[in-house]
Amino acid sequence: MSADLCFASDNAGPVHPAILDALTQANRGRAMPYGADDWTARAVAAVRETFEAPRAEVLLVPTGIAANALALATLTRPWSRVFCTDIAHVELDEAGALGLASGGAETALVPSVHGRMAGEALAARAAAEPAARRGAISVTQLTEAGTVYTLDALSALAEVARTHGLPLHLDGARWSNAAVALGCTPGEMVRAAGAAALSLGASKAGAMGVEAVVLVDPPPGLADEARLRRQRMGLRVSKHRYLAAQLVAWLEGGLWRDMAETANMAALRLAHGLAAHPAVTLDHPAEGNMVFARLTRALHRRLRAAGAAYYPSDLPEPDLDSGADGAPLGARFVCDWATDAGRGDALLAVLGRVEEGDGPRAPRAV
């Protein structure tokens with residue numbers, strides 16, 4: 001793999017120096033464990049201020065899957081269904097963590113277009129489920145297709161949630177990229193969705209490893225339940241200050257916005273370059289920090305030979321060494337906060353001009 005051509009994931013990106021510096025500061029001396037420290041108090045205050053949610057309960061956890069599972073288990077019951085898209089991370093990538101954490105809750109899939117579910121589709125799927133089994137709604141923002149829900153689209157989903165009396169959960173693994181793309185505040189995004197809970201992602205956005213479950217305005221008893229569930233799931237980190245310090249550095253001065261702007265701009269530049277290539281088409285609008293493109297096997301082989309790292313978006317993963325050279329295959333390219341314009345330009349330079357065997361450009365899907 002060439003480090004200059006790594007677009008595999010924002011998880012592959014470096015930790016921001018300001019966050020490393022905060023960890024160094026947190027490492028001085030001693031502090032009370034399990035969240036009874038000053039760093040945790042600052043982190044909670046920073047989350048509340050960022051999301052304009054003064055009554056929010058904030059529970060830090062080490063991974064995004066843990067955040068999703070804990071949040072949804074707190075909002076549902078073992079016999080519940082969680083309504084999400086057919087490509088949602090909680091459905092495809094979490095190995096049944098929802099069911100394990102909740103004692104049996106399952107997903108109920110809603111068809112998606114470019115990663116988004118429409119209010120009408122969600123309403124139809126919820127109505128088809130017995131009332132006793134309707135548990136919660138989980139909405140991913142950014143979506144798994146790299147697109148965003150507008151505030152109006154979130155409001156439409158919130159209306160369905162209100163109609164059926166369901167709590168809405170935002171899977172915000174890339175919420176910062178979404179807020180920047182929308183040009184709104186995080187609080188505006190959460191309010192538009194009427195979100196009861198947010199999985200706040202920081203690891204993909206340049207932290208070393210920290211996520212949070214944010215219960216936006218919990219009714220009496222719900223926060224205590226969430227804390228007990230976190231304890232039972234083994235997710236209460238003893239040296240809690242090292243989780244909290246990362247959020248303090250990321251949120252207090254608005255660093256999160258600068259980092260997301262850089263990642264989004266790099267992805268948009270890359271998307272424009274890919275779309276201009278006569279043998280490449282985009283599968284989805286590039287609205288955040290991810291670009292989904294469809295390339296011929298010949299172009300895939302050229303990128304791999306140059307050491308480019310990225311994930312295929314077709315499942316099961318195709319064999320690049322077999323099949324017709326002209327058959328287009330999907331690829332996902334992800335930009336992180338440290339991806340400058342030159343990195344994307346280097347990948348586009350590898351693709352270069354069309355050569356014999358590259359094949360003609362496929363029709364645009366967007």
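Q: Is Pro 328 buried, exposed or partly exposed in this predicted model?
A: In this predicted model, the relative accessible area of Pro 328 is 35%. A residue is buried under 20% and exposed over 50%, with partly exposed in between. At 35%, therefore, Pro 328 falls in the class in between and is partly exposed.

Q: In which strand is Pro 328 found?
A: Pro 328 belongs to a strand that covers residues 328-334. That strand is S11.

Q: Which residues does Pro 328 touch, not counting those up to four places away in sequence?
A: The C-alpha atoms of Pro 328 and Leu 295 are separated by 4.9 Å, although these positions lie 33 residues apart along the chain as their spacing in sequence. Leu 295 is also one of the residues that Pro 328 touches. With residues up to four places away left out, Pro 328 touches Arg 294, Leu 295 and Thr 296.

Q: What is the order of the open sheet of 4 strands?
A: The pairing in this open sheet is antiparallel. S11, the strand of Pro 328, is one of its 4 strands. The order is S8-S9-S11-S10.

Q: Which strands stand at the edges, each with a single partner strand?
A: A strand with a single partner has one side left without a neighbour in the sheet. This applies to the strand at 280-282 and to the strand at 311-312. The edge strands are therefore S8 and S10.

Q: Which residue of S11 stands opposite Tyr 311?
A: S10 and S11 pair in the antiparallel sense, over 2 bridges. Within S11, the residue opposite Tyr 311 is Arg 332.

Q: How many residues of strand S4 are buried?
A: Strand S4 comprises residues 134-140 and is mostly covered. Two parallel pairings involve S4: 3 bridges join it to strand S2 (residues 81-85), and 4 bridges join it to strand S5 (residues 168-172). Of the 7 residues of S4, the number buried is 6.

Q: Which residue of S4 is the bridge partner of Val 82?
A: S2 and S4 run parallel. In S4, Val 82 has as its bridge partner Ala 136.

Q: Which residue of S6 is the bridge partner of Leu 170?
A: On the S4 side, Leu 170 in S5 stands opposite Val 139. S5 is also joined to S6 by 4 bridges, and these two strands run parallel. In S6, the partner of Leu 170 is Leu 198.

Q: Which residues of S6 are buried on its two faces?
A: 5 of the 5 residues of S6 are buried, so this strand is largely enclosed by the rest of the structure. On one side the covered residues are Ala 197, Ser 199 and Gly 201, and on the other they are Leu 198 and Leu 200.

Q: Which residue of S7 is the bridge partner of Ala 197?
A: S6 and strand S7 (residues 211-215) are paired by 5 bridges. The sense of this pairing is antiparallel, whereas S5 and S6 run parallel. In S7, the partner of Ala 197 is Leu 215.

Q: Why is H11 largely enclosed by the rest of the structure, and how many of its residues are buried?
A: The buried residues of H11 include Arg 241, Gln 246 and Trp 250. Their cover includes helix H1 (17-26), helix H2 (38-50), strand S1 (57-61), helix H8 (175-182), strand S6 (197-201) and helix H12 (255-276). H11 is largely enclosed because, of its 11 residues, the number buried is 10.

Q: Is His 240 buried or exposed?
A: His 240 lies in the loop between helix H10 (222-232) and helix H11 (241-251). Leaving aside neighbours within four places in sequence, His 240 is in contact with Tyr 34, Gly 35, Asp 37, Thr 40, Leu 60 and Arg 230. Its relative accessibility is 3%, and therefore His 240 counts as buried.

Q: What is the radius of gyration of the protein chain?
A: The protein chain has 14 helices and 11 strands. For its 366 residues the globule rule gives 21 Å, and the chain comes close to that value, so it is as compact as a globular protein of that length. The radius of gyration is 21 Å.

Q: What percentage of contacts between residues at least 6 apart in sequence join residues at least 24 apart?
A: Of the 366 residues of the protein chain, 52% count as buried. The contact between Pro 328 and Leu 295 joins residues 33 apart along the chain. Among contacts at least 6 apart in sequence, the share joining residues at least 24 apart is 77%.

Methods: Residues are numbered from 1 along each chain as its sequence is written. This is a predicted model: local features need pLDDT of at least 70, side-chain atom pairs count only at pLDDT 80 or more; totals for chains, interfaces and linings use all residues. Side-chain values use heavy atoms; hydrogens and water are left out. The radius of gyration is taken over C-alpha atoms; the globule rule is 2.2 Å times the number of residues to the power 0.38. Buried means under 20% relative accessible area, exposed over 50%, partly exposed in between (1.4 Å probe, protein chains only). Contact means heavy atoms within 4.5 Å. Two strands pair if DSSP finds at least two bridges between them.
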